[in-house]
Amino acid sequence: MAMRWHQAMERALYGTDGFFVSGAGPAAHFRTSVHASPVFAGALLRLIHHLDGVLGFPSVFDVVDVGAGRGELLRSLSVGVSGESARSGRSGLIPARAGSPETPTTTATVRPSPVNPLTITTGYDDSCASDLTVGGSVPLVERVRFTAVELAPRPDDLPEEIRWTDRIPAGVTGLLLATEWLDNVPLDLAVHSQHGWHYLLVDPTSGEETIGDPLSRADLDWLSTWWPSPLVPDSDSSTGSGFRATPTDRTPVPLERVEIGRTRDEAWADAVGHVERGLALAVDYGHLRAERPVDGTLTGYRAGRQVPPVPDGSCDVTAHVAMDSVASAGERVARCAYLLGAQRDGLRALGADGGRPPLSLAAGDPAGYVRALAAASAAAELTDPAGLGGHLWLWQPVGLSTDLLPAGCAGPIDTAAPS
Ligand SMILES: C[S@@+](CC[C@H](N)C(=O)[O-])C[C@H]1O[C@@H](n2cnc3c(N)ncnc32)[C@H](O)[C@@H]1O
């Protein structure tokens, strides 16, 4: 039976035996930055230390990974924190806390946000602290609390210091991460005709699309704010290039499609609302209002291959994220300005630049040169603008000013870069 795309994605990815909640997990089907290189976790470890200082070394420093896959990133970060402590002679992680009851979080008053994707909004700066706190004597390893938020069941071999829950915990102080989560938040697709905007329906078994009801007011508002209208087809044409369907037609859809990102905005705003103080960081492939992809980006992945996005539970179904819209929604909740930049800038600011070491180093310190070369090639895949380096990093501080983020973490976005 045909249904709207967001329902079909929900069932295919997260229903009983859904693609993400059963089987081997995302890493068996595609490569994310988390899987590509330990350089990624190393950079985030540096970010954790940076934030720890900015937050004044809180008694509990939360690291929450939303859409954690099988916990790969948190395993690395946990090893990283423990390893540092072993080298410094410290030991002990705070024990896992059973359960994590969700507390409703108050959202801030909504305020219209400027539609300018390349400009950092600064309207909230006054309420966001810009002083660095110094001090702290208890090592991070004794204060850090790792929480994986995931709809899939907890892996049997996950270290016990990593908590596992299907709800974002309230009152996060520290870092909330979401790497390639938002692109898997189910969304609706629509087409435009002389009858106005209509949802696309999909048959979950065949993937065949038909035209459904007119869009809701909320979805229409989202489109008019965030996705400039495609050309309305010639209504006189009777060929496949024209569009003569009425809302009751059940014919295949030949038209340009758009992806309605409202559900991603809501998901991100909700996540940000769970942070009391610190940083929410979303890393994903995305696009900005000035350059929405014609026909959208919906696609599928299975066993390392790109496949048609048939929502039958046998493959990933994903669409790039309207990152500026998501950013605006998060900012309204955080009431602090955000930064939006490319992955390569984020990683460079965190000490992983992917650049080759100077040849002069080879003469003076051959072993150091080889080490630097190995580190550079490990980072290169993550910073390649045509690949993972083209991912967008959305830095949303909560209770903090953007001045306190690592210097240069979000350089100007090259909108011509593939996303
Ligand atoms: C593409 S995978 C990314 C995994 C990992 N973060 C990485 O970068 O490799 C997306 C993950 O998000 C999870 N997910 C999607 N919606 C979720 C939700 N509402 N709560 C928790 N996890 C969710 C999926 O189950 C899936 O494991």
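Begin by selecting glycine 56, which follows helix α3 and has a positive phi, near 80°; helices here are DSSP runs of H or I with at least four residues, strands are runs of E with at least two, and both are numbered from the N terminus. The coordinates belong to a predicted model, in which local features need pLDDT of at least 70 and side-chain atom pairs count only at pLDDT 80 or more, while totals for chains, interfaces and linings use all residues. Residues are numbered from 1 along each chain as its sequence is written.

Next, select phenylalanine 57, in the loop between α3 and β2 (61-66). Phenylalanine 57 has a positive phi of about 55° although it is not a glycine, and most residues other than glycine have a negative phi. Phenylalanine 57 is partly exposed, because 17 other C-beta atoms lie within 10 Å; a residue is called buried with 20 or more other C-beta atoms within 10 Å of its own, exposed with 12 or fewer, and partly exposed in between, the C-beta atoms being placed from the backbone.

A second residue of this kind is aspartate 17, which has a positive phi of about 60° although it is not a glycine. Aspartate 17 is in the loop between α1 (5-14) and α2 (33-36), and it counts as exposed because it has 10 other C-beta atoms within 10 Å.

Now select helix α3 itself. The 17 residues of α3 should span 24 Å at 1.5 Å a residue, and its end C-alpha atoms are 25 Å apart, which agrees; the expected span is 1.5 Å times one less than the number of residues. The buried residues of α3 include Val39, Phe40, Leu44, Ile48 and Leu51.

From α3, extend the selection to the largest nonpolar core, which has 107 residues, and among which Leu281, Val326, Leu394 and Trp395 have the most contacts inside it. A nonpolar core is a set of buried Ala, Val, Leu, Ile, Met, Phe, Trp, Tyr and Cys residues joined through C-beta atoms within 7 Å. Helix α3 (residues 38-54) gives the most to this core, with nine residues. The core draws at least three residues from each of domain 1 (31-99 + 110-182 + 262-285 + 320-404) and domain 2 (188-260), where the domain bounds come from an automatic or database domain assignment.

Which residues does valine 326 touch, not counting residues up to four places away in sequence? Select Leu182, Gly261, Arg264, Asp265, Trp268, Ala282, Val321 and Leu394; two residues are in contact if their C-beta atoms, placed from the backbone, lie within 7 Å.

Arginine 262, in helix α6 (residues 262-273), has its C-alpha atom 8.2 Å from that of valine 326, although the two are 64 residues apart along the chain. Arginine 262 counts as buried because it has 21 C-beta neighbours inside 10 Å. Leaving aside its neighbours within four places in sequence, arginine 262 is in contact with Ala218, Asp219 and Trp222.

Move on to helix α10 (366-383). The 18 residues of α10 should span 26 Å at 1.5 Å a residue, and its end C-alpha atoms are 25 Å apart, which agrees. Ala379, Leu382 and Thr383 are buried in α10, and the buried residues of this helix pack against α2, α3 and α8 (343-349).

In the loop between α10 and β17 (392-398), select glycine 389, which counts as buried because it has 22 C-beta neighbours inside 10 Å. Not counting residues up to four places away in sequence, glycine 389 touches Ala342, Gln343, Arg344, Leu382, Thr383 and Asp384. The C-alpha atoms of glycine 389 and leucine 347 are separated by 8.8 Å, with their positions 42 residues apart along the chain.

Continue to serine 401, in the segment after β17. Serine 401 is partly exposed, because 19 other C-beta atoms lie within 10 Å. Its C-alpha atom is 4.9 Å from that of cysteine 128, although serine 401 and cysteine 128 are 273 residues apart in sequence.

Finally, select the ligand and the 19 residues that surround it, of which the closest are Phe20, Thr32, Gly67, Gly69 and Thr179; a residue counts as near if its C-beta atom, placed from the backbone, lies within 6 Å. This shell has ten nonpolar, six polar and three charged residues, where Ala, Val, Leu, Ile, Met, Phe, Trp, Tyr, Cys and Pro count as nonpolar, Asp, Glu, Lys and Arg as charged, and the others, Gly among them, as polar.
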